[in-house]
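Work through the exercises below with the sequence and the model open. Each task is followed by a solution in steps.

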Amino acid sequence: MERLADQLVDLASVGMDVSDLGNGPRPGGLRRMDAADGWFYFLVAPRDPLIIIVRIIPPFDAL
């Protein structure tokens, strides 16, 4: 998860709008991204260089 979060930060630092990545009801809201058969939810702060990981759900076979 840390590697994926770092990749989101790297994409944001080169100017890509990461608020459109993943699945969510609208850009800029809570986003869900699939990762290694699990998911993680994140928010992008529009005015700060900040990506907030809200929840991490591991693969179901790991539970």
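**Exercise 1. Place Asp6 and Met16, and state how far apart they are.**

Step 1. Asp6 is found in helix H1; helices are DSSP runs (H or I) of at least four residues, strands are DSSP runs (E) of at least two, and both are numbered from the N terminus. The model is a predicted one: local features need pLDDT of at least 70, side-chain atom pairs count only at pLDDT 80 or more, and totals for chains, interfaces and linings use all residues. Residues are numbered from 1 along each chain as its sequence is written, and side-chain values use heavy atoms, with hydrogens and water left out.

Step 2. Met16 is in the loop between H1 and S1.

Step 3. Asp6 is partly exposed because its relative accessible area is 41%, where buried means under 20%, exposed over 50%, and partly exposed in between (1.4 Å probe, protein chains only). Met16, at 40%, is also partly exposed.

Step 4. Asp6 and Met16 are 10 residues apart along the chain, and their C-alpha atoms are separated by 14 Å. From Met16 to Arg3 the separation is 13 residues in sequence and 18 Å in space, C-alpha to C-alpha.

**Exercise 2. Describe the position of Gly24.**

Step 1. Gly24 lies in the loop between H1 and strand S1 (31-35).

Step 2. With a relative accessible area of 38%, Gly24 is partly exposed.

Step 3. Tyr41 is 17 residues from Gly24 in sequence, and the two C-alpha atoms are 9.5 Å apart.

**Exercise 3. How many salt bridges does a search of the whole structure find?**

Step 1. Apply the criterion: a side-chain nitrogen of Lys or Arg within 4 Å of a carboxyl oxygen of Asp or Glu.

Step 2. The search finds one. Arg32 pairs with Asp34, and their closest N and O atoms are 3.8 Å apart.

Step 3. Arg32 is partly exposed, at 28% relative accessible area.

**Exercise 4. Which residues make the nonpolar surface patch?**

Step 1. Select residues with over 30% relative accessible area and no salt bridge, then join nonpolar side chains (Val, Leu, Ile, Met, Phe, Trp, Tyr) within 5 Å; like charges would be joined within 9 Å. Areas come from the Shrake-Rupley method with a 1.4 Å probe, and for residues only the protein chains shown count as cover.

Step 2. Leu30, Leu43, Leu50, Ile52 and Val54 make a patch of about 380 Å².

Step 3. Strand S3 (residues 50-57) gives the largest share, three residues. Ile52 is found in S3 and is partly exposed, at 37% relative accessibility.
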